[in-house]
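Let's take a walk through this protein together, one region at a time. Keep the 3D view open and find each residue as it comes up.

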Amino acid sequence: MGKSNIQWLKGDPKSSIMRISFPIMVTMLSATLYNLIDGMWIAGLGEFAIAGVGLIVPLFALINGISNGLGNGITSSINRFREEYGQEKANIVSSQAVVIVIVVSILLTVSLLLFLDPYLSFYTHDVQTKREAINYAVPLFVGLFPFVIAQIFASIFRSEGDTKRSMYAMSIGLILNAVLDPVFIYVLNMGSAGAAFSTIITCILSALIMFYWIFIKKDTVIKINVRRVLKSKWDWIITKDIFKTGIPASLVLVILSFSTMIYNFIIAYIAGDLGLSIYSSAYRIYILGLMPITAICSGLVAIYGTHYGAKNSKFFKSTHKYGTLYAFIFGSIVCTLFFTFSDQIAYLFMIVTENSLLTAGISQNIRIISFCIPFLGLGLPSSYLYQGVGKGFTSFLWTIVYEVVCTVPAVCFFTFYFNWGLIGIWTGFLVGRGTASILNFIVARISIRNIVKDWA
């Protein structure tokens, strides 16, 4: 089965992209639907809980960014080393990756817990909002190891084209999460902390399922032997290669988290806790809309890496062509649905709260932000191109272009120069990210032409 999946990675991207990406899409759909449901349950706890949890969203995005970034670095390294040096080298990459992730998880937990109080004090002095944020954040940060390791195990499955089993493991956990949420939050009366405990418990389940396949059943192409790499001489070339893509890829979402902190500060200044509640609630829907594009891009990393390592110019070029086409089509469909049904989507939050200002604000946000999604379908496959070929720093630079160069200035311009308030912030998102996406696509086509020219 594993060898058959690897052959799909090496096949025509026109068909292999969707075959590899669709299970990832299902997994992300489960995750984003859970986040939406999670937001609805938290909304029932009141405005302070929504605002408090909303302040933790950038930090959780930071965790997710580091784990996804490392995962993409690992996937890229495994595929390129396999094509250049053989399967045994790919096994060593995977084994060292597990050790690296354990160390990173410990450092993350300690850093986030130390940083939490000054971070919250920067945004709000409201005691209730801070209490809700701390109740949610502390158990989440203490138990983040299973979350990170589950993401890394999934990336190892992706590296050999076996995205179905990682889909099963992650989706089972997420479904259980949606069931446990109301139990922990309301039945056990744990409030916002209950949502965090539910997340960690289900991440443990997902990680254990994949651990069984990799270490006990041992039916993967990749063979991980942590004891062996610890006893033998550490291969720093492999570590450097993982970090060469993984660190910049992680920093991509660090920049996104940092820019989100800036947006939170502006929103809090303009509209207070209500504005933060609108943004944090609508952001979950926005992430849901990006899910098909992100899934395609996650699959592209393994495919880019495979064809780049094999120097297959035909399939390397068509990977970007079809990846961008599929992402743009899905983005356009999502944009149409979100714009058309923005009121109905926002009304979901009325199930657990009767705050009409909140739902009206969410609907307004969706109508504007939805137009970002097709543009990102044009640009994001280009950013993941650089991760796939081991040039993570270039991908990181493009994130700076997206957020720091284009979007943050656009948000400030429409918000303060035109004095449009929240509408100015949402419009700044659209103009900034749309402009950056077009530039990203154009430069990527030039980069591909130069890479293929160097192979000739």
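## Before we start: how exposed is exposed?

A residue is called buried when its relative accessible area is under 20%, exposed when that value is over 50%, and partly exposed in between. Try that on Arg228: its relative accessible area is 45%, so Arg228 is partly exposed. One more thing to keep in mind is that this is a predicted model.

## A helix tucked inside

Helix 6 covers residues 144-159 and has 16 residues. Is helix 6 mostly enclosed or mostly open? Because 15 of its 16 residues are buried, helix 6 is largely enclosed by the rest of the structure.

You can also check its length for yourself. At 1.5 Å a residue, helix 6 should span 22 Å, and its end C-alpha atoms are 23 Å apart, which agrees. After helix 6 comes Gly161, which has a positive phi, near 75°.

## Ser105 and its neighbours

Now look at helix 4, which runs over residues 87-123 and is home to Ser105. Ser105 has a relative accessibility of 2%, so this residue counts as buried. What does Ser105 touch, once we skip its neighbours within four places in sequence? The list is Leu144, Phe145 and Val148.

Take Val148 from that list: this residue is 43 residues away from Ser105 along the chain, yet the two C-alpha atoms are separated by 7.0 Å. The side chain of Ser105 also reaches the backbone oxygen of Val101, at 2.9 Å.

## Salt bridges that link distant parts

How many salt bridges does a search of the whole structure find? There are nine. One of them joins Glu88 and Arg228, with the closest N and O atoms 2.6 Å apart. Glu88 sits in helix 4 and Arg228 in helix 9 (residues 226-231), so this pair ties together parts that are 140 residues apart in sequence. Glu88 has 38% relative accessibility, so Glu88 counts as partly exposed.

Next up is Asp219 with Arg165, whose closest N and O atoms are 2.8 Å apart. Asp219 is in the loop between helix 8 (192-217) and helix 9, while Arg165 is in helix 7 (residues 163-187), so this bridge ties together parts that are 54 residues apart in sequence. The two partners fall into separate classes: Asp219 is partly exposed, at 31%, whereas Arg165 is buried, at 9%.

Asp343 and Arg367 make a salt bridge too, at 3.5 Å from N to O. Because Asp343 lies in helix 12 (residues 342-347) and Arg367 in helix 13 (residues 356-369), the pair ties together parts that are 24 residues apart in sequence. Asp343 is partly exposed, at 48% relative accessibility, and Arg367 is partly exposed as well, with a relative accessible area of 30%. Finally, Arg80, Asp241 and Lys244 are linked in a network of salt bridges.

## A charged residue without a salt bridge

Have a look at Arg82, in helix 3 (residues 47-85). Arg82 is buried but has no salt bridge. How far away is the nearest side chain of opposite charge? That side chain belongs to Glu160, and the distance is 5.0 Å. A salt bridge needs the nitrogen and the carboxyl oxygen to be within 4 Å, so this pair doesn't make the cut. The side chain of Arg82 does reach the backbone oxygen of Ser159, at 3.2 Å.

## The nonpolar core

In soluble globular proteins, nonpolar side chains tend to be buried together. Here, the largest nonpolar core has 120 residues, and the members that touch the most others are Ile56, Phe141, Met210, Trp426 and Phe429. Helix 10 (residues 236-310) gives the most to this core, with 23 residues.

Zoom in on Trp426. Leaving aside neighbours within four places in sequence, its contacts include Ile267, Ile278, Tyr279, Gln364 and Asn365. Ile368 and Ile369 are also among them.

## Two loop residues with positive phi

To finish, compare two spots in loops. Asn189 is in the loop between helix 7 and helix 8, and its phi is near 55°, a positive value in a residue other than glycine. With 67% relative accessibility, Asn189 counts as exposed.

Lys218 lies in the loop between helix 8 and helix 9. Its phi is positive as well, near 55°. Lys218 is exposed, with a relative accessible area of 53%.

How values were computed. Residues numbered from 1 in each chain as written. Predicted model: local features only at pLDDT ≥ 70, side-chain atom pairs only at ≥ 80, totals over all residues. Heavy atoms only, no water. Helix = DSSP H or I, 4+ residues; strand = E, 2+ residues; numbered from the N terminus. Expected span 1.5 Å × (residues − 1). Buried < 20%, exposed > 50% of the residue type's maximum accessible area, 1.4 Å probe, protein only. Contact = heavy atoms within 4.5 Å. Polar contact = N/O pair within 3.5 Å; in protein donor to acceptor, adjacent residues only side chain to side chain. Lys, Arg positive; Asp, Glu negative; His and termini not counted. Core = buried A, V, L, I, M, F, W, Y, C linked by side-chain atoms within 4.5 Å.
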